[in-house]
Amino acid sequence: TSRVGFALLLLVLMLAQGGGMGMSRRDLGLLLLLGGLGVAGFQFFWAAGLDRTTSSNAGLLAGTSPVFGIFFAWLARRRPSRWAVLGIFVAFLGALLVVNNSVTHVAYAGGHWAGDLMCLAAQASWAFYTVLGAGLVERNGAFKVSSYAMLIGSAALLPLAWPQLAAQDWGLFTPTLWGYLAFTTIFAGAGSFVFWYIAVGRIGVARTLPYAYLVPVVHHRHEI
């Protein structure tokens with residue numbers, strides 16, 4: 001949770017150096033949804049889901065965001081081509097095969113339905129963030145939209161995160177831990193949101209979403 005706060009700080013500092021912060025009222029309204037459901041929803045459901053399910057289950061479910069993305073794209077009238085849909089499902093099956101490591105059975109552990117549903121909700125939130133943000137990125141740019149989305153999402157998460165932040169003994173942090181925090185702030189936090197939206201702006205939703213399949217694959221390889 002602290003990573004979100006530090007990523008927000010970095011984004012705000014970078015935005016102050018980058019120019020105007022203006023945005024239309026219509027876009028600000030969409031940003032409330034983007035930050036609340038996309039950013040805060042993803043962070044909350046993913047963290048809560050990981051606490052309530054197995055790592056293997058989370059890895060399997062992490063590949064569902066592009067599938068949700070197809071659904072949201074249709075609702076938003078950003079309908080991907082048939083070839084794009086086919087490519088997403090083929091990529092999903094490939095990622096599932098790598099993570100599952102078998103063609104004869106599914107390495108899914110039952111009895112964790114609450115955590116599994118939360119992980120699915122997290123992937124739906126990320127797909128929502130991707131699809132809804134596409135139009136905003138076209139009108140305002142990836143950097144500005146990411147900054148505002150993180151600002152709104154972090155504000156929504158702050159009441160939940162504050163007890164943890166207040167209880168954290170920052171004096172116990174070693175230089176190595178501070179280095180890890182800096183890395184996750186710059187790359188896994190602020191950088192990932194900005195770069196993701198840069199990709200959405202340049203190559204579109206349908207071509208960006210399949211890259212989400214790298215998450216379960218890397219997660220699986222890290223476990224090995």
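Rings of Phe, Tyr and Trp, the six-membered ring being taken for Trp, are counted as a pair if their centres lie within 6.5 Å. By this rule, the predicted model contains 11 aromatic pairs. One of them joins Trp126 and Phe193, with 5.6 Å from centre to centre and 75° between the planes, an edge-to-face arrangement. This pair links distant parts of the chain, since Trp126 belongs to helix α6 and Phe193 to helix α8, 67 residues apart. Trp126 and Phe193 are both buried. A further pair is formed by Tyr129 and Tyr197, whose ring centres are 4.5 Å apart; the planes meet at 15°, so the pair is stacked. Here too distant parts of the chain are linked, with Tyr129 in helix α6 and Tyr197 in helix α8, 68 residues apart. Tyr129 has a relative accessible area of 0% and is therefore buried, and Tyr197, at 0% relative accessibility, also counts as buried. The residues of both pairs belong to one aromatic cluster, which is made up of Phe42, Trp46, Trp126, Tyr129, Phe193, Trp196 and Tyr197.

Nonpolar packing was examined next. In soluble globular proteins, nonpolar side chains tend to be buried together. The largest nonpolar core of the model has 28 residues, of which Leu31, Leu34, Tyr129, Val145, Trp196 and Tyr197 touch the most other members. Helices α2, α6, α7 (142-167) and α8 (175-203) each supply at least two residues of this core. The most is given by α6, with 10 residues. Leu34 is in contact with Val39, Phe128, Tyr129, Leu132, Gly133, Leu136, Val145, Ala149 and Tyr197, residues up to four places away in sequence being left out. Among these contacts of Leu34 are Tyr129 and Tyr197, the two residues of the stacked pair.

Helix α2 comprises 28 residues, which at 1.5 Å a residue should span 40 Å; the C-alpha atoms at its ends are 39 Å apart, so the two values agree. A kink of about 40° is nevertheless present in α2, centred on Gly41. The buried residues of this helix are Asp27, Leu31, Leu34, Gly35, Gly38, Val39, Ala40, Gly41, Phe42, Gln43, Ala48 and Gly49. Gly41, on which the kink is centred, is thus listed among the buried residues of α2. Phe42, also buried, is one of the members of the aromatic cluster.

Helix α7 likewise contains a kink, of about 60° and centred on Pro159. Its buried residues are Ala142, Lys144, Val145, Ser146, Ser147, Tyr148, Ala149, Met150, Gly153, Ser154, Leu157 and Ala161. Val145 and Ala149 are among the residues that Leu34 touches. Leu151 also lies in helix α7, and its relative accessible area of 41% makes this residue partly exposed. Leu151 and Val39 are 112 residues apart in sequence, with a C-alpha to C-alpha separation of 9.3 Å in space.

Charged contacts were then considered. The count of salt bridges comes to 2. In one, Arg139 is paired with Asp27, and the closest N and O atoms are 2.8 Å apart. This pair links distant parts of the chain, as Arg139 is in helix α6 (residues 113-140) and Asp27 in helix α2 (residues 25-52), 112 residues apart. In the other, Asp27 is paired with Arg26, and the closest N and O atoms are 3.8 Å apart. Arg26, Asp27 and Arg139 are thereby linked in a network of salt bridges. The accessibility of the three residues was computed as well. Asp27 counts as buried because its relative accessibility is 3%, which is under 20%. Arg26, with a relative accessible area of 57%, is exposed, whereas Arg139, at 45%, is partly exposed.

Ser65 is found in helix α4 (residues 65-75). At 0% relative accessibility, Ser65 counts as buried. Leaving out residues up to four places away in sequence, Ser65 touches Gln123, Trp126, Ala127, Leu209 and Ala212. Trp126, one of these contacts, is the residue that forms the edge-to-face pair with Phe193.

Definitions and conventions
Residues numbered from 1 in each chain as written. Predicted model: local features only at pLDDT ≥ 70, side-chain atom pairs only at ≥ 80, totals over all residues. Heavy atoms only, no water. Salt bridge = Lys/Arg side-chain N within 4 Å of Asp/Glu carboxyl O. Buried < 20%, exposed > 50% of the residue type's maximum accessible area, 1.4 Å probe, protein only. Helix = DSSP H or I, 4+ residues; strand = E, 2+ residues; numbered from the N terminus. Contact = heavy atoms within 4.5 Å. Core = buried A, V, L, I, M, F, W, Y, C linked by side-chain atoms within 4.5 Å. Expected span 1.5 Å × (residues − 1). Bend = angle between axes of the 7 residues up to and from the residue. Phe/Tyr/Trp six-rings, centres within 6.5 Å; stacked < 30°, edge-to-face > 60°.
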